[in-house]
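Student: I would like to go through this entry term by term, with the definition set beside each value. Where should we start?

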Amino acid sequence: MISYFMPVKFYFGKNALVDHGDELKQFGKKAMVVTGRSSAKLSGALDELITVFEENNQEYMVFDKIRENPYLSTVHEGAERLEEFGADFVIGIGGGSPIDAAKAISAIAKNNLQNDQIYKAKKYIKDAYPIIAIPTTSGTGTEVTPYSVITDKKADKKAGFGSPHIFPKISFVDPKYTLSLPYKVTKDTAIDALSHLLEGIYSQNRNVVNCPIIKRGIKLIIDNLPLCLNDLKKYSVRENLMLASTYGGMVIAQSGTTVQHSIGYPLTSQYEISHGLANGLVMKQIMEKFYPILKEDLDDLFDYLEMNKEDFYEWLESLNLNAGVNIGDWFVEEKPAEVLKSRNMALNPVEISAEDIKIIYKTLQ
Ligand SMILES: [Fe+2]
């Protein structure tokens, strides 16, 4: 039996928001816009959205306090602001962080969640304010997923939660917003998308409906990322990377993520290594670990890509991914226990031990 649930309506392409912004009218009179410090403005997305509000005769407030790896305390503050303003719906503009924060704010406010109840989504999230997503990076795929990753600073943990109630109602995916992204963000976010697509093969919850999407998405990244890094302003290449990212989101929305993601979270919280880069640094090691058990599926992928595993590793190598920090011995010793506790570890195709994780972290030293 196959089941496939992807309830997000999305518009993909140039001027998606401008051409279809009138659809926001159905969600009410007042919108809360959740953004970071600059990307919503730099990308041009916020200006376009404000024009849409004017045309729709809608009121809005902007909550622009979201930073990379948003804190639980910040989304609680956002939920308070939502209530004060009386917003009918929430719009996240930005990379993964503002959109994930918009999801969290919507769920906290609607269900009156306290403290860290959000991480027990099944028990506590019964509804949410309508969420609209406008991505300005191509990597997380959060515009089509029921997930959000929020850092609980008090408990020193970066962790995700998921609920079908936080799937965006509509996503406006316009590749032109990514034209202003710098080199490093472009590279790291594309690697995040690549991780999501690969994890669609690794996950025990893999969904065969996604097989063609996974292959096509990975090919789009392999072919287009080097071109994009050579010419950051080329629209057609940006469009291909954005499509691959949305594919990646559709894949993890069904299949979840695996150790490929869990192992990177401590690198991000401890050393501020970007999420995508953290995934990239361990990508080869994880593939090596899973290859024996997934040989048939991965060879099928490599046939489609017209390369073999070694060619793929060479491509990865050509990106020159580098942690740029010294990973401490204490980190290698202590963090595997935290990784093992992560929920997505249940989806690995083979059991991963603390020792396996330690060995992978050691390769980064
Ligand atoms: Fe990711």
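**Values against definitions**

Tutor: With three residues, α11 gives the most to the lining of the largest cavity. The model is predicted: local features need pLDDT of at least 70 and side-chain atom pairs pLDDT 80 or more, while totals for chains, interfaces and linings use all residues. Numbering starts from 1 along each chain as its sequence is written, and side-chain values use heavy atoms, without hydrogens and water.

Student: What makes α11 and α15 elements of the lining of the largest cavity?

Tutor: Each supplies at least two residues of that lining. Helices here are DSSP runs of H or I with at least four residues, strands are E runs of at least two, and both are numbered from the N terminus. The lining consists of Asp156, Pro266, Ser269, Gln270, Lys335 and Glu338, and α11 covers 265–271 while α15 covers 329–341.

Student: How many cavities does a search of the whole structure find, and how much space lies in the largest?

Tutor: Two cavities reach 30 Å³ or more, and the largest holds about 40 Å³. On a 1 Å grid over the protein atoms alone, a 1.4 Å probe fits in a cavity but cannot get out, whereas a pocket is open, with protein on both sides within 12 Å along at least five of seven lines; lining residues have an atom within 4 Å of a point. The second largest pocket has about 330 Å³ of space. Its lining has 15 residues, and those nearest its centre are Gly280, Leu281, Glu317, Leu321 and Asn322. Two or more lining residues come from each of α12 (275–281), α13 (283–305) and α14 (309–317), with the largest share, three residues, from α14.

Student: Why is Gly328 called buried or exposed?

Tutor: Gly328 has 16% relative accessibility and therefore counts as buried; the cut-offs are under 20% for buried and over 50% for exposed, with partly exposed in between (1.4 Å probe, protein chains only). Gly328 sits in the loop between α14 and α15. Leaving out residues up to four places away in sequence, Gly328 touches Tyr271 and Gln365, where contact means heavy atoms within 4.5 Å.

Student: Which class do Asn15 and Asn115 fall into?

Tutor: Asn15 is at 29%, so it is partly exposed; Asn115 is at 59%, so it is exposed. Asn15 lies in the loop between β1 and α1 (16–20), and its phi is positive, near 65°. Asn115 belongs to the loop between α5 and α6 (121–124) and has a positive phi of about 40°.

Student: How do you know that the span of α5 agrees with its length?

Tutor: The expected span is 1.5 Å times one less than the number of residues. For the 16 residues of α5 (96–111) this gives 22 Å, and the end C-alpha atoms are 23 Å apart, so the two agree. Since 15 of the 16 residues are buried, α5 is largely enclosed by the rest of the structure.

Student: Why are β1 and β3 said to stand at the edges?

Tutor: The six strands form an open sheet with parallel pairing, in the order β1-β8-β5-β4-β2-β3. β1 (9–12) and β3 (59–63) each have a single partner strand, so one side of each has no neighbour in the sheet. Pairing takes at least two DSSP bridges; β2 (30–34) and β3 run parallel and are joined by five, with Val33 opposite Val62 in β3.

Notes:
Grid points are joined across faces, edges and corners, and a volume is the space filled by probe spheres set on the points.
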